[in-house]
Amino acid sequence: MTFLDEQDFQLLQVLDRTHNITHAADELYITQSSVSKRIRLLERELGSTLLLRSRQGIQFTPAGEIVLQHTQSILRELNAIRQELAAASGTIAGTLRAGVSINYAMYRLPDQLAEYNQRYPHVSTRIITTQSQTVYSMLLANQIDVGILRGEHAEWRGQRILLDREPICAITSQRDADKPLAGLPQIHRQADIDMEREITQWMHENRISSSQNRIEVNSTATCIKMVERGLGWGIVPRICLDEFHGSIRPLYFSNNEPLIRSTYIMFAPQALELPQVRVFIDLIRSHARRETADV
């Protein structure tokens, strides 16, 4: 007989959030076949169908909802046990649940997370990298303890700490450095609504039309590579350009105000009661201060 373990509980929670086996497999760094096999084993052991599959994704059955409710309670209790034991021994442990925006995760987080894991080896980390709006939604739903996200999110009622305010830049290859942007194809990556609105305003003020001669890409890294090869120009945040080989032009509106992007670390006040979260926030802030001092 196979007994449920903590990895099964985590799998069910991810499936509840994503409603998609492919996305759950990607997030947990396992194969889709492994996810499907584990679900079949759970259903066989519990004697109930837990999930229904369709082209629209997955849906929990009434039996699956019951298991999911107990799963959430069990994970909370396990985490509480670890924290109490760690506190008794003077060790920082428990689970860090964090959501991080894609660009920050790509260009800043790896070194910071490596340092965190080295300092606090007894902490289990559950890090999700996704769009900032999704990180924000997860914060509101209490699915994560802390989020690193970009943009203002002015309606947030918890705590926020500014990590960086960086310019948004137009980039071209060195070959196209002196050419007007209006004469080049645009390598376009869809940003969030607020940023798209500001970019549209900037393009309007600079008489740059959104022409049909452009390439749509789904990642900043792809945009940068295409620009470096001389395929056109793009608009990307400065955080992505440390290793870019080309021309960088910070963007300004007609009133000389720069087009900027803010990055925050955000959390509910009660999250500071968790030592593993508190030291994570402190580490991220210390890195932000060092990076600001180096500029």
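# Notebook: pockets, strands and a few odd residues

I started with the second largest pocket, which holds about 770 Å³ of space. I listed its 37 lining residues and noted the ones closest to the centre: Arg 189, Ala 191, Asp 192, Met 195 and Arg 261. I'm working on a predicted model here, so everything below is read off that prediction.

Which helix gives the most to this lining? I found H8 at the top, with 5 residues. At least two residues each also come from helix H5 (102-107), H7, strand S7 (186-189), helix H9 (220-228), strand S9 (234-237) and S11. I sorted the lining by residue type and got 15 nonpolar, 14 polar and 8 charged.

**The largest pocket**

Next I went to the largest pocket, at about 1,300 Å³. I get 41 lining residues for it, and Gln 13, Leu 75, Arg 97, Arg 126 and Gln 143 sit closest to the centre. By type I have 18 nonpolar, 12 polar and 11 charged.

Where does the largest share of this lining come from? I traced it to H1, which gives 8 residues. Among the other elements that supply at least two residues each, I noted helix H2 (21-28), helix H3 (32-46), helix H4 (62-89), strand S3 (94-101) and strand S4 (123-130). Helix H7 (132-140) is on that list too, and I had already met H7 in the lining of the second largest pocket.

**Whole chain**

I stepped back for the overall numbers. The chain has 295 residues, and 44% of them count as buried. I count 10 helices and 11 strands. Along the principal axes, the C-alpha atoms fill a box of roughly 70 × 45 × 35 Å. I put the accessible surface at about 16,600 Å², with 50% of that belonging to carbon and sulfur atoms. I also looked at contacts between residues at least 6 apart in sequence: 72% of them join residues at least 24 apart.

**Strand S11**

S11 had turned up in the lining of the second largest pocket, so I checked how enclosed this strand is. In S11 (residues 260-267), 7 of the 8 residues are buried, so the strand is largely enclosed by the rest of the structure.

What does S11 pair with? I found strand S5 (residues 146-150) running antiparallel to S11, with 5 bridges joining the two. Strand S6 (residues 159-172) also pairs with S11 in the antiparallel sense, over 8 bridges. For register, I noted Arg 150 with Thr 263 as its bridge partner in S11, and Ile 161 with Ile 265.

**Arg 150**

I stayed on Arg 150, which lies in strand S5. Is this arginine buried or exposed? I get a relative accessible area of 4%, which is under the 20% cut-off, so Arg 150 counts as buried. I then pulled its contacts, skipping residues up to four places away in sequence. The list has Ser 101, Asn 103, Ser 132, Glu 166, Pro 237, Ile 239, Arg 261, Ser 262 and Thr 263. Thr 263 is also the bridge partner of Arg 150, and Arg 261 is among the residues closest to the centre of the second largest pocket.

**The S1/S2 hairpin**

I had a quick look at strand S1 (residues 51-54) and strand S2 (residues 57-60), which pair in the antiparallel sense over 4 bridges. I see a hairpin here, with 2 residues between the strands. Leu 51 stands opposite Phe 60.

**Loop residues**

I checked the backbone for positive phi in residues other than glycine and noted two cases. Asn 142 has phi near 60° and sits in the loop between H7 and S5. His 153 has phi near 50° and sits in the loop between S5 and S6. I compared their burial: Asn 142 is exposed, with a relative accessible area of 53%, whereas His 153 is buried, at 10%.

My last stop was Gly 230, in the loop between H9 and S9. I get 17% relative accessible area, so Gly 230 is buried, given that the cut-off is 20%. What does this glycine touch beyond its neighbours within four places in sequence? I found contacts with Ser 173, Arg 175 and Asp 176. From Gly 230 to Asp 176 I read 7.2 Å, C-alpha to C-alpha, across 54 residues of sequence.

Note on methods: Residues are numbered from 1 along each chain as its sequence is written. This is a predicted model: local features need pLDDT of at least 70, side-chain atom pairs count only at pLDDT 80 or more; totals for chains, interfaces and linings use all residues. Side-chain values use heavy atoms; hydrogens and water are left out. Buried means under 20% relative accessible area, exposed over 50%, partly exposed in between (1.4 Å probe, protein chains only). Two strands pair if DSSP finds at least two bridges between them. On a 1 Å grid over the protein atoms alone, a cavity is a set of points where a 1.4 Å probe fits but cannot get out, and a pocket is an open set with protein on both sides within 12 Å along at least five of seven lines; lining residues have an atom within 4 Å of a point. Grid points are joined across faces, edges and corners, and a volume is the space filled by probe spheres set on the points. Ala, Val, Leu, Ile, Met, Phe, Trp, Tyr, Cys and Pro count as nonpolar, Asp, Glu, Lys and Arg as charged, and the others, Gly among them, as polar. Contact means heavy atoms within 4.5 Å. Accessible areas come from the Shrake-Rupley method with a 1.4 Å probe; for residues, only the protein chains shown count as cover.
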